[in-house]
Amino acid sequence: MQQQMSEQDMAALQEKIKNMSPEELQAYQKQNCIFCQIISGKIPGKKVYEDDKVLAILDINPAGKGHILLMPKEHYAIMPIVPQEVLGHMFIIAKKLSNAVLKKLKATGTTIFIANGGVAGQRAQHFMIHIIPRYEGDEIEALEFNTKKLKKQDIESIKEKLTAKIGYKPGNAEIEAKVEEKTESVKKEIKKEKKSSKKTVKKKVKKKVSKKSKKEEPSEEELDKKIEESEGIDLDAIANLLG
Amino acid sequence: MTGCEYCDVKEKIIYEDDKVVAFLPANAIIKGHIKIVPKEHYRIYEEVPDETVTHIFQVSNKLSALVFETLSVQGTNIVVQNGIPGQEVPHFSVDVIPRVESDGLNFVWEAQKFSEDELQGFGLLIKEGLEGKSKDKKENKKQEKKKVKDELNDIETIEQEEDEENYLIKQLDRMP
């Protein structure tokens, strides 16, 4: 589908793009966006899901079988400019697609992947969510995360920067957490007590019931024995009386 | 859930609301790596209710944008490792990973090749998987309705039987 351009044309195009206003640039991007053309049907794509807001197709350069690209129908170059409501809808659909992949492609997991910006690996100028079916031992190394222990002061400085911007007050959370911890442990104790009291009650009831049941419901054999015994005793007694 | 690493998160929290918590994990992919988790304990993506899904990714998007501004990075990756083999803690989480040029990370996978027929097959199966769910739901609802009906019927017959018994007792009482 890609057309070859001469160097002269390239230079002219670059000059043109440089002089564009942001709106013009967006329109130009949209016009030249492969994914917008798939959405409008100008270029064929392997569609797996479509509604009024989003389209999902199979990736033609997949990391594995059933690799899905989910994109908004409107042209948004990067994630931060996608309206929140569209974003919310997209991730609900992504969940459904992930579920379908687990069920029907017998995947053992999925990796949901988004690249924001060229350094993060974003290739297309159209925001999209990758839904990548995963299998135990599939060895997609690029998607295996290697974590390392960070220095405490590094984490602390980043935390300060971010929380200052967000305006988050950790104090409240810590207090809340402590309260929760306390209530949790109290709950546990209450549960334990209840359980043990239940157990003792159960034991007592069992004892009573078993005693009762022995008295009231002797087995047939026992009954026979008793009858025999009683008959025996009675007969002896009677015999004794008779002298 | 007690004993769950993410349910018990109390340190290095950078954001929190009634549904989600965002924190800086001690073991990170890179400096500035943020984890966002729902407060409720859901094991995998499929278990997270739609409302929470919407919220957690909207928060993740905001935090991602914030990372651009605050940590002067050039990009971010937003990733969910769902199930085997990627997920390490059995509590659903979203990773926001700040990116700069030559940071040593590479999440670009090698493209695999599949035949046209294979792709068609994957597509059909996925579509089936999407449809199957709604059918299942309908089927479940039907079954539930049936169950409730049966239960109601049972209750009715029991009541009838009781009425009959009462009638017999009344009859007995009337006997001289």
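**View 1. The residue just after helix 1 of chain B has a positive phi.** Just after helix 1 of chain B, in this predicted model, Ser72(B) takes a positive phi of about 40°. Helices (H or I, at least four residues) and strands (E, at least two) are DSSP runs that are numbered from the N terminus. Helix 1 of chain B itself has 21 residues and reaches 30 Å from its first C-alpha to its last, close to the 30 Å expected at 1.5 Å a residue, where the expected span is 1.5 Å times one less than the number of residues. Residues are numbered from 1 along each chain as its sequence is written, while chains are lettered from A and ligands numbered from 1 in the order in which they are written. Because the model is predicted, local features need pLDDT of at least 70 and side-chain atom pairs count only at pLDDT 80 or more, whereas totals for chains, interfaces and linings use all residues; side-chain values use heavy atoms, with hydrogens and water left out.

**View 2. A cis peptide bond lies before Pro85(B).** The peptide bond that leads from Ile84(B) to Pro85(B) is cis, with omega near 10°, and Pro85(B) is found in the loop between strand 5 and strand 6 of chain B.

**View 3. Chain B and chain A meet in an interface that buries about 7,000 Å².** The contact (heavy atoms within 4.5 Å) takes 77 residues from chain B and 78 residues from chain A. Of the buried area, which is the accessible area (1.4 Å probe) that two parts lose on being put together, summed over both, 65% is on carbon and sulfur atoms. Tyr45(B), Trp109(B) and Ile126(B) supply 10% of the area that chain B buries against chain A, more than any other three residues.

**View 4. Lys165(A) and Glu69(B) form a salt bridge across the interface.** The closest N and O atoms of Lys165(A) and Glu69(B) are 3.3 Å apart, and the rule (a side-chain nitrogen of Lys or Arg within 4 Å of a carboxyl oxygen of Asp or Glu) finds six salt bridges across the interface of chain B and chain A. Helix 1 of chain B gives the most to the side of chain B that touches chain A, with 15 residues.

**View 5. Strand 6 of chain A joins strand 3 of chain B.** Two bridges join strand 6 (residues 148–149) of chain A to strand 3 of chain B, and these strands run antiparallel; two strands pair if DSSP finds at least two bridges between them. Lys149(A) stands opposite Asn27(B), which is in strand 3 of chain B.
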